[in-house]
Amino acid sequence: MKFVDEFRAPEAIAKASEEVRKLADPERHYRFMEVCGGHTHAIYRFGVKDLLPPNIELVHGPGCPVCVLPMGRIDDGLSMTDDPSVIFTAFGDMMRVPGANGSPLQHKARGKDIRIVYSPADALKLAEKNPDRHVMFFAIGFETTAPSTALTLIRARQEGIRNFSVFSNHVTIIPAIRAILDSPDMRIDAFIGPGHVSTVIGCRPYEWIAKNEGKPIVVSGFEPVDILRGIAMLLKQLGQGEAKVENQYTRVVPWEGNKAALKAIGEVFELRPYFEWRGMGFISQSSLRIREAYAEWDAEKRFSVPGVRVTDPKAAQCGEVLKGVLKPAQCKLFGNECTPEHPIGALMVSSEGSCAAYYNYEHRKAAALSGLTPA
Amino acid sequence: MCLAVPGKVLSVEDADPAFRSACVDFCGVRKNVSLAFTPEVRVGDYVLVHVGFALTRVDEEEAARTFAYLEEIGALEEEGLVPEGGEGARGGEGN
């Protein structure tokens, strides 16, 4: 595939990884956080860790929207299916995420009408095809996904499709990075900035990280060459005692972002005063709710939402892993009670959760090498 | 979740300019994709698609720049760091 294969070519990877080795000061230990779950997945999938000198540590950040969603929101969304006319739609990523009363897939097994959609636009089409039903879309995602939900709502209003609503769980990336930096147990030298979120928000919103916090940040792509180049750019900045925002992913990310997408977000959504993040607690102005003008399509207004709050199982250490304080395998449940087949925490469900990525690539590899099958 | 995939625009449907869309090819899989956020896109362009919406046009010149840079930092061949007979760095065109 063009714009993919060449960024995975062994020759280019060898060059990019050699550059990283040359730039890293052997006397220093580096802690870089990749904010985005897509990067976490790519890092394990392509074995990027093995291409780095041992003094570069990658810390996995909070950028997996499935992982940071509090369990109670899943129960809230599923409670809407108590009304038999409701068709619950969501992306495939959500289907196995456990709520206190089971996952969407388990609800489907109990006879609820639960369907996977590829796009919010497909959920709207489903509503058009089923005028006697109500289609609720369980919206999730950062600024990458929010414009698509927004445009779907704009279309629903324009076309007067009233048997459709959205349960918004959209979150924003900047307050999450701020919460990480404010966390007392956090030591991060620099950030690998999210690639696809930045196609929408651009690079300017990160400037405070460099200016006020003195931390370099490089917006990077998701192929191995991109990630290695991003790390090299961070090392260069640190070597020169600089802290600035740089863009490695220039083939895709415009510095100013995507104005049409930002406009759609602004038309439909406004910031909630606060929102709970799994493992991180309440973060102010960190999520999007639907504006009054679109209230008719707001599932939180159409249905009575119980506002369920569920505490994570005590033994699970999702919060510490999510903030990068613990590595996945350091959690007591990892690979025993909690596996991708039977996930206890969301980090094990989403393929971008650091636990699932670690389990699928590192843990299985280690087990294969020692002649064991993973638990 | 924020996964986005590059694909080639085969045709553009703009009967309704507010809801411009395109048929986009992803290695043989074709999908209808909204161009609402990328009004500049034309047939033959590559777009980055997320949940059925093109978020940006992929800039070919910028993509080439990464490899030009890696060539420049080079002199690696002399050190025997480049595997012989490795996959071509610019392979994979259009498949």
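Me: In this predicted model, how many nonpolar, polar and charged residues are in the lining of the second largest pocket?
Reply: Let's sort the lining by class. Since the model is predicted, we are describing computed features. The second largest pocket is lined by 20 residues. By class these are seven nonpolar, six polar and seven charged.

Me: Thanks! Which element gives the most to the lining of the second largest pocket?
Reply: Start with the elements that give two or more residues: helix H6 (120-129) and helix H7 (146-158) of chain A, together with strand S3 (29-34) of chain B. Residues closest to the pocket's centre include A:Ala121, A:Lys125 and B:Ser34. With five residues, the element that gives the most is H6(A).

Me: What is the volume of the second largest pocket?
Reply: This is the pocket whose lining has A:Arg155 and B:Asn32 among the residues closest to its centre. Its volume is about 420 Å³.

Me: And how much space lies in the largest pocket?
Reply: Here the lining holds 37 residues, with A:Glu352, B:Cys2, B:Leu3, B:Ala4 and B:Val5 closest to the centre. The space in this largest pocket is about 830 Å³.

Me: Which element gives the most to the lining of the largest pocket?
Reply: Three elements give two or more residues here: helix H2 (37-45) of chain A, and strand S1 (5-13) and strand S4 (46-50) of chain B. The one that gives the most, with four residues, is H2(A).

Me: How do the residues of that largest pocket's lining divide, and how many are nonpolar?
Reply: We can go class by class through the lining of the largest pocket. Six residues are polar and eight are charged. The nonpolar residues number 23.

Note on methods. Residues numbered from 1 in each chain as written. Chains lettered and ligands numbered in written order. Predicted model: local features only at pLDDT ≥ 70, side-chain atom pairs only at ≥ 80, totals over all residues. Heavy atoms only, no water. 1 Å grid on protein atoms, 1.4 Å probe; cavity = no way out; pocket = protein on both sides within 12 Å on 5 of 7 lines; lining within 4 Å. Points joined across faces, edges and corners; volume = space filled by probe spheres on them. Nonpolar A, V, L, I, M, F, W, Y, C, P; charged D, E, K, R; others polar.
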